[in-house]
Amino acid sequence: MTLVYLDNNATTMTAPEVVDAMLPYFSNKYGNPSSIYDMAHSANDAVKKSREIIADFLGAADSKEIIFTSCGSESANMAIKGALDVKKNKKHIITTRVEHPCVLNLYKDLEKRGYRVTWVDVDSNGDLDISRLLEAVCEDTALVSVMMANNETGVVYPVDKISEAVKMKNPETKVFVDAVQAAGKVPINVKDTKIDMLGISGHKFHAPKGVGALYIRTGTMISPLIVGGHQERGKRAGTENVPYIVAMARAAQLAKETLEDENTRVKALRDKLEKGILSNIKNAVLNSKSKNRVPNTTNIGFQYIEGELILLHMNDEGICASSGSACTSGSLEPSHVLRAQGVPFTSLHGSIRFSLSRYTTEQDIDYTLEKLPAIIDKLVKISPFQKELNEIFK
């Protein structure tokens, strides 16, 4: 069966070059980087070199500003909890309504624990109300968290400008950026911003699952999330995951080398898919309406059709994508991102995210555009909203 993978915001294929880079550290280079013999030195050197590569990837001024973690969620928890722990007297925090659950649910938990949270809205295009965010910054504001790119719609937020404006209002306020969906898709250069902390996850740019990184600007104080040994300059205890750290560094090198391809060829394929769906399926509506998007992502709603049914029928044709609905987890609660954007109920549950990668081909897009109209037509015929659909299709 044909396999077309259009769910790269969920995870990516580990690049063959990345697998090759990590394999020696499972076998003849398996030493603990904290040990003193020669085999351990090669592991230690690999971690050091990888830290330099990730620092360059993120535009950090010093490789010591990079802490290796297990994933984006750990990076977010480490940054947010760690920063607040050293500012116990400040109880106001700010974030957006469209953050990834690793930030959103952490903020909800902090709210229950006594923090005052300002939740910043987005408009119908998915763009952030920046003026509202800046108005909320006050003397008591300990932390602002804003994602760099949204995982569902691909909208990119101007975190460099936001961080600078926040610091102008309150230089003591810390700024954390979840850049998980931005890394490898758009340039990142933290040293030219006022961002204090920024998190990434390797498996979003063709490294394996289970490794991430947190940038912490020199001079930014945080408490460790994991307490134990001396590793990561005392900020994150635990023996370093050398093979995966090496893998993420190699993936970062490849991502940097292919950034132009991501923003030209991949973007053109995304636009072709988007235009083809909107042109040939009458009940399709675009949710990713912002002009500021990562090049690989589109989110399209199909009016009066259930998203999970679309995904199941796409799967039968070998096409992988994601739904904005959480029905498969036993909940009928639709996407919090699309709700915040004000997407109408008519397409909210029928919204599908398509996310491409550098491995996506024109044949993949052509195949999807060939199969999807028939899938939607089949589901339109069994929808309980025949009157409404007849109005759309007449």
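Start by selecting His206, which sits in the loop that links strand S7 (197–201) with strand S8 (212–216); bear in mind throughout the tour that the model on screen is a predicted one. With the backbone of His206 displayed, read off its phi, which is near 75° and thus has a positive sign, although the residue is not a glycine. Most residues other than glycine have a negative phi, which is the background for this stop. Turn on a surface next: His206 is buried, its relative accessible area being 5%.

Follow the chain onward to Glu232, which is found in the loop between S8 and helix H7 (242–257). Here again the residue is other than glycine and phi takes a positive value, near 50° for Glu232. Is Glu232 buried or exposed? Glu232 counts as buried, with a relative accessibility of 6%, because the cut-off for that class is under 20% relative accessible area.

The remaining stops concern cysteines. Select Cys71 and then Cys102, whose sulfur is the nearest cysteine sulfur to that of Cys71, at 8.0 Å. Cys71 is in no disulfide, because a disulfide requires a pair of cysteine sulfur atoms within 2.5 Å. How many disulfides does the model hold by this rule? The count comes to 0 disulfides. On the surface display, Cys71 is partly exposed, with 25% relative accessible area.

Finish at Cys320, which counts as partly exposed at 22% relative accessibility. Partly exposed is the class between buried, under 20%, and exposed, over 50%, so the 22% of Cys320 belongs there.

Key. Residues numbered from 1 in each chain as written. Predicted model: local features only at pLDDT ≥ 70, side-chain atom pairs only at ≥ 80, totals over all residues. Heavy atoms only, no water. Buried < 20%, exposed > 50% of the residue type's maximum accessible area, 1.4 Å probe, protein only. Helix = DSSP H or I, 4+ residues; strand = E, 2+ residues; numbered from the N terminus.
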